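Please open the model in a viewer and keep the sequence panel beside it. The tour below proceeds by selection, with a note on what each selection shows.

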Amino acid sequence: MIDAILQALPGAFAPANLLAVILGTMAGIIVGALPGLSVMTGMAVLIPLTFGMDPLFALGMMAGMYNGGSYGAAIPAILMRVPGTAASVATVMDGHAMTRQGKAGYAIQVAVVSGVIGSVFSALSLITLAPTLVKISLMFGPSEFFWLAILGLATVASLLGEDLLKGLIAACMGLILGTVGMDMATGVERYTFDRLELSDGLDLVVLLTALFAIPPVIQMIENARQEGMPAELLNLRRQKSPLRDWKRFLPIWLRSSVIGIIIGILPGAGGSMSSYLAYNDAKQQSKDPDSYGKGNPEGVAASECGNGADNSASLIPALSLGIPGSGVAAVILGGLLVHGLRPGPQLFDEHADIVYGFMLQMLLSGLLVGLLGGLTATKIFGQALRLPEVLLAPLILLFVTIGVYSVNNSIFDLQVMVVVGLIACVVERLGYPSAPIILGMILGPIAEVQLSLALTISGGEPLALASSPVSMVLIALILLILVVPLLKRRKASAGPN
């Protein structure tokens with residue numbers, strides 16, 4: 001492996017390939033920061049443009065786009081309460097609260113430093129552990145993936161706020177939304193109302209925009225404020241570096257990186273689940289869990305570190321087995337095939353210089369995010385909040401409308417955004433949290449498909465779901481996550497005796 005890395009160094013750090021990584025990182029930050037767009041959208045546009053280019057140049061742009069877009073989504077999440085991706089929903093809860101407290105600059109610094117640390121750990125795991133870690137992913141079958149999805153749903157306990165019942169109802173709303181479309185097991189359409197546009201289900205980008213962008217826009221319109229956010233509140237000047245508080249953040253960075261890497265390695269499990277699980281872990285381990293969701297920088301650190309740690313790790317099963325660990329990894333898999341690189345064990349033997357060069361580019365792009373995506377880039381987007389709300393509201397609405405329409409070039413998506421956005425406004429004012437809705441919609445279909453596969457393989461035997469050691473470990477973790485908050489609430493209600 002050392003020989004392969006040394007052989008790949010000249011190609012990875014060639015001037016043209018370095019330029020590709022820089023351009024890809026800048027483009028990724030911009031795409032991630034624009035509400036409605038996603039890394040997958042940018043990657044899907046990028047891959048056809050790279051056809052005929054040198055493989056390392058093309059892969060360098062993809063690596064930059066991946067890591068840059070992963071961080072870029074945190075910018076609107078923190079500044080405008082509009083998550084760029086599902087993974088940045090957890091960042092919204094504490095990040096935007098910090099903005100309202102005049103700590104936007106510090107929130108951005110925590111996000112970028114945490115994302116860089118997660119990305120670096122993830123890239124190092126990709127470089128050093130890809131051949132061996134792939135054996136762990138082979139231990140997961142349908143029943144294990146079912147319990148993994150349930151584990152993700154169990155993290156709803158950390159997102160419920162003070163009202164447990166309303167949080168559970170919100171999660172059930174998400175599960176119901178996740179059933180819209182064609183049943184992957186039977187091919188039967190559910191809740192489509194004979195609309196062809198609903199046969200593939202509700203688009204996640206549309207729902208993210210509707211749930212998190214429309215309600216604050218409506219609130220701005222109602223307020224009709226003639227002045228923008230005060231300069232002292234929108235503080236984007238460089239503040240105390242999170243690295244000075246490394247003793248506070250180090251345990252969170254380490255645990256979140258491990259969580260993100262493990263989730264990324266599991267085929268099909270990557271994406272938003274790592275940020276939710278990392279956020280939940282940080283809250284569970286915190287001495288002040290009630291401060292989460294109210295502007296605790298540890299919540300931003302956990303979410304962004306877990307999200308960054310998922311990136312390179314999700315490529316481990318993609319490169320080794322041809323099974324992507326996330327949606328973006330699936331797109332990169334297509335990019336590899338476009339350039340004549342067939343994923344699998346033979347890839348490391350036949351094209352070692354290219355595959356290890358790509359791994360080094362993932363490491364380099366993760367570090368570049370810290371240089372290109374800090375306060376300098378954020379100030380450009382942050383100035384939008386200096387505008388009066390009567391001007392900012394239509395501007396946000398314009399951007400999200402363009403973003404949502406560009407996903408599928410569909411007017412129907414805009415209609416869904418408006419309807420769901422109005423419902424979300426009512427739901428939010430009734431005190432129901434939005435984050436569990438998204439989590440339920442993402443993980444519900446995963447749990448359903450894996451449950452169907454597990455029962456089909458076992459001949460309908462329910463006990464087969466808990467027959468493996470991995471399944472039993474996951475079940476124990478689920479029970480732990482559900483029981484610990486209840487015990488803490490019971491202890492708090494009992495008071496000192």
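**First stop: Pro10 and helix α1**

Select Pro10, which belongs to helix α1. The model is a predicted one. Is Pro10 buried or exposed? With a relative accessible area of 58%, Pro10 is exposed, because the cut-off for that class is over 50%. Next, add Gly357 to the selection and draw a distance between the two C-alpha atoms: the separation is 8.6 Å, although Pro10 and Gly357 lie 347 residues apart along the chain.

Now extend the selection to the whole of α1, residues 2–12, and colour Ala4, Ile5, Ala8 and Ala12, which are the buried residues of this helix. These residues lie on the same side of α1, because the arc they cover around the axis is only 95°. Turn the helix to view the face directed away from that buried side; the exposed residues there are Ile2, Asp3, Leu6, Gln7 and Pro10.

**Second stop: helix α2 and its partners**

Select α2, residues 15–33, together with α4. Their axes are 6 Å apart, and the two helices pack at an angle of about 30°. Helix α2 is therefore roughly parallel to α4, as angles under 35 degrees fall into that class. On the α2 side, the residues making the contact include Ala16, Ala20, Gly24, Gly28 and Gly32; on the α4 side, they include Gly60, Gly64, Gly68 and Gly72. The crossing of α2 and α4 is right-handed.

Keep α2 displayed, hide α4, and show α18, which spans residues 352–372. Here the axes are 10 Å apart and the packing angle is about 55°. What is the orientation of α2 and α18 to each other? They are oblique, because an angle of about 55° lies outside the ranges for roughly parallel, roughly perpendicular and roughly antiparallel. The crossing of α2 and α18 is also right-handed. To display the residues that meet, select Asn17, Leu18, Val21, Ile22, Thr25, Met26 and Ile29 in α2, and Gln361, Leu364, Ser365, Leu368, Val369 and Leu372 in α18.

**Third stop: the loop at Gly52**

Move to Gly52, in the loop that connects α3 (39–49) with α4 (55–72). Gly52 is exposed, its relative accessible area being 72%. Then select His339: the C-alpha atoms of Gly52 and His339 are 7.7 Å from each other, and 287 residues separate the two along the chain.

**Fourth stop: helices α6 and α14**

Select α6, residues 89–100, along with α14. Their axes come within 8 Å and cross at roughly 145°, and this crossing is left-handed. Show Ala90, Thr91, Asp94, Gly95 and Met98 of α6, which meet Pro297, Gly299, Val300, Ser303 and Glu304 of α14.

**Final stop: Glu298**

Remain on α14, which covers residues 297–313, and select Glu298 within it. Glu298 has a relative accessible area of 14% and is buried, because that value falls under the 20% cut-off. Which side chain is joined to that of Glu298 by a polar contact? Displaying Arg248 gives the answer: the two side chains are joined by a polar contact of 3.0 Å. To complete the view, add Phe249, Ile252, Ser286 and Tyr292, which, with Arg248, are the residues in contact with Glu298 once its neighbours within four places in sequence are left aside.

Conventions
Residues numbered from 1 in each chain as written. Predicted model: local features only at pLDDT ≥ 70, side-chain atom pairs only at ≥ 80, totals over all residues. Heavy atoms only, no water. Helix = DSSP H or I, 4+ residues; strand = E, 2+ residues; numbered from the N terminus. Buried < 20%, exposed > 50% of the residue type's maximum accessible area, 1.4 Å probe, protein only. Polar contact = N/O pair within 3.5 Å; in protein donor to acceptor, adjacent residues only side chain to side chain. Contact = heavy atoms within 4.5 Å. Arc of directions from axis to C-beta. Axes fitted to C-alpha atoms, helices over the stretch in contact; angles between N-to-C directions. Parallel < 35°, antiparallel > 145°, perpendicular 65-115°, else oblique. Left-handed = near helix turned anticlockwise from the far one by under 90°.
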